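Subject: The structure, and some notes to read beside it

Dear colleague,

Please find the structure below, handed over with its sequence so that you can look at both together. My notes follow it, and I suggest reading them slowly with the structure open.

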Amino acid sequence: MTAVEHRDTSAGTTPRPGPTPRGAVRRQARSGRRWVPWAFLAPALILFVTFKFIPIGQALVMSFQDVQPYLGSEWVGLANYSALFATEEFGTAAWHTAIIAVVQTAGGLLLGFALALLLEGQARRLWIIRSAAFLPVVVPAAVVAELWRIIYHPTEDGVANSILGWLLLEPSQWINSPDSSMLSVIIVGVWRDAPYNMIIIIAGLVGVDRSLYESASLDGAGWLGRIRYVTLPALRPVIAILVTLAAIRGMRIFTEIFLLTNGGPNGSTEVLMTLIYRMGFERIELGVAAAGSVVLLVGTIALTLIVRAAVRRRDA
Amino acid sequence: MSANLDTALGLGSTNRWWVKAINAAVCALVVLVFAGPLIAVIAGAFSESRDPSRLSLVPEGFTLENWVVAVDRQVLHYLGNSLIVVGIGLLLQMAVSVLAAYALARKRFRGAGVVLLLILATMMLPEEILAIPLAVVLSDLPLLHLNLTDHLAGMIVPIVAWGFSILVMTEFMKEVPRELEEAARLDGAGEVRIFWSVVLPTVTPALGVIGVFGFTMIWDQYLLPLLVASGAENYTLPLALRSLRADPEVGIGVVLVAAALAMLPSILAFLAFQRSFMRGISSGAVKG
C-alpha cells in the first residue's frame, strides 16, 4: 500500500498526458465519477477559453479583415499585414522594443547579480535591506512611471540632474529629448527589474556548495575567481529563466512607456505595444492593430522557444 | 585570512574596518536608491512645496491641503473603484485557483496533461499583447452577449483565471498526505467535504502566497482598466494618476497623494506577507 502511494506522489510531480496503467484505473474507481475533476476545473477552463483563447482567435480573424464596427467586416487577405510592414513606424517600434528588451534585460541582470552578491546572507540586517530594495517590484507600474517623471524633471534642480551635477556632469533633458529618452526609459526598467532578479539569484545562491568556495580559495582563486568558477556555473539554470522572463517583459512593455513618454518625443521611444494601442484605440485601425498583435505574439512565442532550446542544448 | 567562506564575496569573513565601512555605505546607497524615491512620494504628499522638480525624503513644511484637494478631485472614488476590483477580483481568483488546483493535484484523469499544457500556454501569452482582441471580446461576451465596456466587471472577469496562481496552489496541494483523504473517504465524506474540510484547511499558508501575488497582480493592472473605462467615472487609481498630472489646477502634491494611495496597499501587503511572497517568487521562478 505504501509503495503504491509513493509511486503516485512521485508521478504526480511530472504529470503526463495519456492513460497510466493500473494505478490510474484504481484511483479512478476509488475517487468516483469521471466528471468530478472537470467540475472543479470548469470555472478556470471557461474563463481561460473566453479571455485567453477566444481573443487569440479573434486577433487572427481580425488581422485578415477590414474591421468596421457596426458595419460588418470585410475579408481583405494580407492587406493589414502589408500595411503594417509598409509603415516605417512599425520597423522603428520593433527596433526600439528589441533594444529595450536586450539592454534592460542585461542591465537588470548585471545589477541584480551585483546586489545579490552584496546582500547574500542570513543576517537580519541583510534581510531588511533586501526587503527595502525589493519595494520597487511591488509598487504599481503607473506609480513608478509618475515618480520617475518627477525625478527626470528637466530643469537643473531636478533630482536626476542634481545627481549629474554632483558628478560634475552637464544636466540632461532625459525623457524630454530624443537623444536621451531611450536611455531614461531603460534606467527605469533596470531600477524595477534588478531587485526582482536579486531575490531569485539569492534563492539560487543558497544551493551553491559552500565547500567549493573553500577549495577554490585553497587553489588560489580570489573573489573574482570564485564567482567565475563556482557561483556562475551553479547559477546557470536560474539565469536562463531570468533572461527568458526579462526578455518577454521587455517585448510586452507598455505602461511605463505610455506614462513616461507615450512613445515620444518624436517617436523616439515608440515600442510595439504603444504603437498597437495607438493604432487600435486612437486611429481605430483595428485590423492593422490586430495584425501587429499577431506579429508580436508570434515573436514572443518564438523568442521563448529559442531561449528554451538554447538552454536545453547547453545543458545537454 | 582563514576565511569562513559562506558567500561568494566572502563578506563578513573579514574584520578590517574599512571593508565594513565600505560595505555599510554601499548598503545605505542601495536602500537610498531603491526605497528612497518611494519614501519621497509619501513625504511629498504632505509637503507644502509646489515645485514640480523637487523630491525630498522629509516634507518641506507639513500640510494636509494636498489631501483635501485630492479628495475634492474624486481620489477616494478612484480608490474605491480600485478596491472593488481588487476585492472581488482576488476573491474570485483565489476560489477559481483552489478549485482547479484540487482537480490537478488530487485527481488523476484523462486529459490532465492537456489541461496543464493549456494553463502553461496562457502563462506564456503576455496579457498586454492580447489587449485589442480582448477589448473586442469584452464588448460582446461570447454566448451571453453582454457588453462589459465601461463596467468595473470588465476589469475583473479577465483576471479571475490566472495560471500562476493555479500552478502554485497545485504544488502545495500535492503535498497533502493521501492518508488524510483516504480516512475521510472511509468515514463517508463526499468530494466537496474532502475538498472543503480536509484539503483546503491544510493549505492555508498557500492561500497567503496566492493571495499576496494575486493582490499585487490585480492592483498593478493598467492596460485592461484603460481599455475598459471610457470615462473618469470608472477610473481606477493608477489610471487617475495621469489625468491628475495633466490637470493644470492641481499641484504636484496632489499627484503624490494619489501615488501614495496607489502604492501603499501593495507595499503593506508585501510587508505583511513577506515570507510567503519571497517563497512564492523564488519557487515559482525556479520551477519556471
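Where in chain A is the place of Trp174(A)? Trp174(A) sits in the loop between helix 8 (159–166) and helix 9 (181–205) of chain A. Before going further, please keep in mind that this is a predicted model, and that its scores are ipTM 0.89 and pTM 0.86.

Two loop residues

I began with Trp174(A) on account of its backbone: phi of this residue is near 50°, a positive value in a residue other than glycine. Most residues other than glycine have a negative phi. Is Trp174(A) buried or exposed? Trp174(A) is counted as buried because 25 other C-beta atoms lie within 10 Å, and the cut-off for that word is 20 or more.

Chain B offers a residue to set beside this one, namely Leu143(B), whose phi is near 70° and is likewise a positive value in a residue other than glycine. Leu143(B) is found in the loop between helix 6 (131–139) and helix 7 (152–160) of chain B. Its surroundings are described by the opposite word, for Leu143(B) has 7 other C-beta atoms within 10 Å and is therefore exposed, the limit for that class being 12 or fewer.

Chain A as a whole

The secondary structure of chain A consists of 14 helices and two strands, and of its 316 residues 42% are buried. If you take the contacts in chain A between residues at least 6 apart in sequence, 66% of them join residues at least 24 apart.

Chain A is divided into domain 1 (23–63) and domain 2 (81–315), and the C-alpha centres of these two domains of chain A lie 34 Å apart. Where the domains meet, domain 1 of chain A gives four residues to the contact and domain 2 of chain A gives seven. On the side of domain 1 of chain A that touches domain 2 of chain A, three residues are nonpolar, one is polar and none is charged.

Chain B as a whole

In chain B there are 15 helices and zero strands, and buried residues make up 43% of its 288 residues. Among the contacts in chain B with a separation of 6 or more, 72% are between residues 24 or more positions apart. The C-alpha atoms of chain B fill a box of roughly 70 × 70 × 35 Å along the principal axes, and the radius of gyration of chain B is 24 Å, where a compact globule of 288 residues would have one near 19 Å.

The domain assignment gives domain 1 (17–68) and domain 2 (74–287) for chain B, with 32 Å between their C-alpha centres. Their contact takes 10 residues from domain 1 of chain B and nine residues from domain 2 of chain B. Which helices of chain B each supply at least two residues of the domain 1 side? They are helix 2 (36–45) and helix 3 (65–72) of chain B, and the largest share, five residues, comes from helix 2 of chain B. By class, that side of domain 1 of chain B has six nonpolar, three polar and one charged residues.

What the UniProt record adds

An unreviewed UniProt entry carries the annotation "domain: ABC transmembrane type-1" for residues 79–273 of chain B, and in the model this stretch of chain B is 74% helix and 0% strand, with its end C-alpha atoms 22 Å apart. The unreviewed entry also places the feature "transmembrane region" at several spans of chain B, including 112–132 and 152–173. Residues 112–132 of chain B are 71% helix and 0% strand, with end C-alpha atoms 31 Å apart, while residues 152–173 of chain B are 91% helix and 0% strand, with end C-alpha atoms 32 Å apart.

Where the two chains meet

The contact between the chains takes 80 residues from chain B and 90 residues from chain A. On the side of chain B that touches chain A, there are 58 nonpolar, 11 polar and 11 charged residues.

How far to trust chain B

The mean pLDDT of chain B is 86, and 94% of its residues reach 70 or more. Among the elements of chain B, helix 4 (residues 75–106) has the highest mean pLDDT, 95, and helix 15 (residues 274–287) the lowest, 67. Where pLDDT is low, the predicted coordinates should not be read in detail.

With best wishes

Note on methods: Residues numbered from 1 in each chain as written. Chains lettered and ligands numbered in written order. Predicted model: local features only at pLDDT ≥ 70, side-chain atom pairs only at ≥ 80, totals over all residues. Contact = placed C-beta atoms within 7 Å. Nonpolar A, V, L, I, M, F, W, Y, C, P; charged D, E, K, R; others polar. UniProt positions renumbered as here; feature names shortened; annotations may be inferred. Helix = DSSP H or I, 4+ residues; strand = E, 2+ residues; numbered from the N terminus. Domains from an automatic or database assignment. Rg over C-alpha atoms; globule rule 2.2 N^0.38 Å. pLDDT = per-residue confidence, 0-100.
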